[in-house]
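Welcome! Open your viewer, get the mouse ready, and let's take a short walk from one selection to the next.

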Amino acid sequence: MTMEPPPRPSSSLFDVYLRLRPSNSTNVRFLNVEETEAANPTHITIKPPSNDNNNRKRAVERFAFTRVFEENAQQLELFKDTGAVQLIEGVLGGKGSHGRDGLLATLGVTGSGKSHTILGTKSQRGLMQLTLDVLFQSTGSQLVQSFYGAPAFSSLAAADVSEAHMFTATAYLDSLYGDNQSERFPSRAQTPMPVSHGSSISSSAVSFKSPSFPSVLFSENLYPILKSTFDPRPSAGIHSIRPVTGTLSSISRSAANAGSPEKKDCSSFITNPASRSKNIPRPSALPQNPSVHDIDIAADPSAEYAVVVSMYEVYNDRIFDLLAGNATKNKHPNLKRRALLFKSTEQSPDRKVVAGLTKIICGSLEEALMVLETGLMERKVAGTGSNAVSSRSHGFFCIEVKKRNPQRKGPWSSSTLTIVDLAGSERARNAKTAGATLAEAGKINESLMYLGQCMQMQSDNQDGSKNIVPFRQCKLTELLFSNSFPSTHTRHTSYHQPQKSLMIVTADPKGDFNATSQILRYSALAREVTVPRIPSTTSTILSSTAPTSTSHKHSSSSTTTSGRSTPSHLLEELEAAHASIAHLTSEIEIFALRLTEESARRKAAEASWRAAESHMADIEAEIRDECHVDMEAAVAAERRRWQAAWDSEADNNEVHMDKKIDVVIQATRAQMAAEKEIQIFEDPEPRVTERVRELERENEVLRARLERAEREGVNRTASPVKKMRVLKAKRWEDPDKTLGMDSD
Ligand SMILES: Nc1ncnc2c1ncn2[C@@H]1O[C@H](COP(=O)(O)OP(=O)(O)OP(=O)(O)O)[C@@H](O)[C@H]1O
């Protein structure tokens, strides 16, 4: 054999394994494992199916992997022989040394067995469960406790640099399932926690205290569930937390799966859809095989460990927490999932972290498995035409191993084992996708294409090239590669280079040739191409048009399948042309998907525009009606006001008029009275007349007297004429006086 699996340079980020699945398909097998004298196969060849006209002229391709696992390979074999055990060992860290981050990922076409490998089946555990088992088995008695208010809780929460919402598994599981599953776990002393830990936690955490419910920090999302599940009866205690069965169970994928006849069991254990409407399965109901009792990893005997589990998914290029308790969706249908950021935080300026995740401190394998099941139920899965039980998101399962000296109780060091179940790539024309699912497929294929580019570039760099790996193109590659290429200003004291990652590529030897060959091309450690004889005109065209800049990892060969010798430069150009065509085809597919997606979006936008317009018209009519009603009310009110003013004016006028009339009456009366008085004053006229008569009579008397006196005077010699003049003068000078005198 001319091509050997390359030695593993320390700069390479991945060991790449290929796992073949037993195929159900009736298609012709296009992938064959090369026989080898070595213990394990490392090479495969793929040959385009002869019935595929498009591939009639395609070369036979040969790929090298770290190791190829054939169809009969069992989960445990994979676990032991892929280096997963060494990866766990590295995460735990040796005596007195820090652990180092590790990554284990599965990559493959949809339906090729990625989830099967990571999560297992009803009867066989997957790499995830085996990893957890080994981890808990190895740390055993050195693990911190995880009951309500465990003593290490506050220091662990304080040591977290990712603004996480941290819970102990007992508090978390009881709050979600409320069926006292915590009773199943060692009921260690139920010491209530001191309440002072709040300061060290994210400000969005809420401290929930009750005499019967030990103080625990709850995230904003979980708080409502916890609150609703907590029975406030004084005697209730933690065992009276009401069951919220079905809340979590209905999380789920049900919405995303609508319309799909058969849904994916993203959890290997939840195979009966009906069981999803109940609580997650008890750990005892989960598969126990294969056993890992013979795997012995030496943990640091001088350390105390804590295992913290978190889970998230990358869906449509956004990160969503899988443990945030969105199970409450049914109760709160408007509760939208909030995307999280992958960023550097205040406490973690050197490296990026997914900020704001829910993290669960697990004290036992059972707890960890239940937490895992909870997250898996949340994972968004939708059926597609290609695989009715397909993962439509990239699932990230993170196991943080915290370590510290138990005597000194110093700071916790942390290393994370991340297990990634990547969503399956698929050919757009194969996937009978539509609408949102089509958009998902576009995003998945796009992110996988970027992943392929990054892997290829990284692999090329091992040959001495200095390509910059373009990992910032999408969230998936950012998450996978950011911390593998620490920035130059990273402080070495706080940064530990991650371990070499494990990539398990899964493939169906009778599956989709094009999709599989594309994945193999960018994931294999080495590749070579042998081309069939092609007509000279075509070769001329190809040699004149093939780009020469495309870089590929392969060793050159001048052997064709027909056995003829072909000039090696032509072979290289042909190979470059093939690679370029494959690359362009995948890009065209992505663009076609994007176009369809954009067209669907445009249609949706137009529909929503029309809906908005008609809604606006409705609103306008409503507003008009309201305005009309308001206006009428205002006019009526104004009319009433005006009428009231008018009435009051009229009243005032009346009053005024009455007053005037009164005045007139009074004046008239007064006048009349005055006139009366004048009359009274004039009344005496008869009396005056009478008086005058009296006076005349008196006058007559007096005159008579006078005459008498005169007569008497004459008799006594006095002039009578003179006396008459004196009397007359008196009478006309002062008649009143005269009268008064007289009246007196
Ligand atoms: N090695 C295997 N042995 C037996 N059955 C397998 C194997 N690999 C996969 N299968 C079966 O094939 C089906 C599809 O596998 P799986 O769901 O793991 O695919 P996948 O790659 O995760 O797909 P997707 O990306 O769409 O989620 C499942 O029923 C699974 O049990």
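Before the first stop, one term: a residue counts as buried if 20 or more other C-beta atoms lie within 10 Å of its own. Please also keep in mind that this is a predicted model.

**The whole protein**

Start with everything shown. The protein has 17 helices and 18 strands, and 40% of its 744 residues are buried. Among contacts with a separation of 6 or more, 74% join residues that sit 24 or more positions apart.

**Helix α2**

Now select residues 84-92, which form helix α2. How many of its nine residues are buried? Seven are, leaving α2 mostly covered. Colour A84, L87, I88, E89, G90, V91 and L92 to pick out these buried positions.

What do the buried residues of α2 pack against? Add these elements to your view: the helices α1 (75-81) and α4 (127-139), together with the strands β6 (102-108), β15 (394-404), β16 (413-421) and β17 (501-507). Then step just past the helix to G93, which follows α2 and has a positive phi, near 80°.

**The annotated binding site**

Next, select G108, V109, T110, G111, S112, G113, K114 and S115. An unreviewed UniProt entry gives these positions the feature "binding site".

Zoom in on G113, in the loop between β6 and α3 (114-119). Is G113 buried or exposed? G113 counts as buried because it has 20 C-beta neighbours inside 10 Å. Leaving aside residues up to four places away in sequence, G113 touches R19, R21, G108 and T506.

Move along to S115, which lies in helix α3. S115 has 32 other C-beta atoms within 10 Å, so this residue is buried too.

**Colouring by confidence**

Finally, colour the model by pLDDT. The mean over the protein is 70, and 63% of the residues reach 70 or more. Which strand has the highest confidence? Select residues 67-69: this is strand β5, at 93, while strand β8 (residues 206-210) is lowest, at a mean of 32.

Widen the selection to residues 181-278, where the pLDDT is below 50; this stretch still has 193 contacts in the model beyond near neighbours in sequence. Residues 381-389 also stay under 50, and the model has 49 contacts for them beyond four places in sequence. Where pLDDT is low, the predicted coordinates should not be read in detail. As a last stop, note the scores for the model: ipTM 0.97 and pTM 0.61.

Notes. Residues numbered from 1 in each chain as written. Predicted model: local features only at pLDDT ≥ 70, side-chain atom pairs only at ≥ 80, totals over all residues. Helix = DSSP H or I, 4+ residues; strand = E, 2+ residues; numbered from the N terminus. Buried ≥ 20, exposed ≤ 12 C-beta atoms within 10 Å, placed from the backbone. Contact = placed C-beta atoms within 7 Å. pLDDT = per-residue confidence, 0-100. UniProt positions renumbered as here; feature names shortened; annotations may be inferred.
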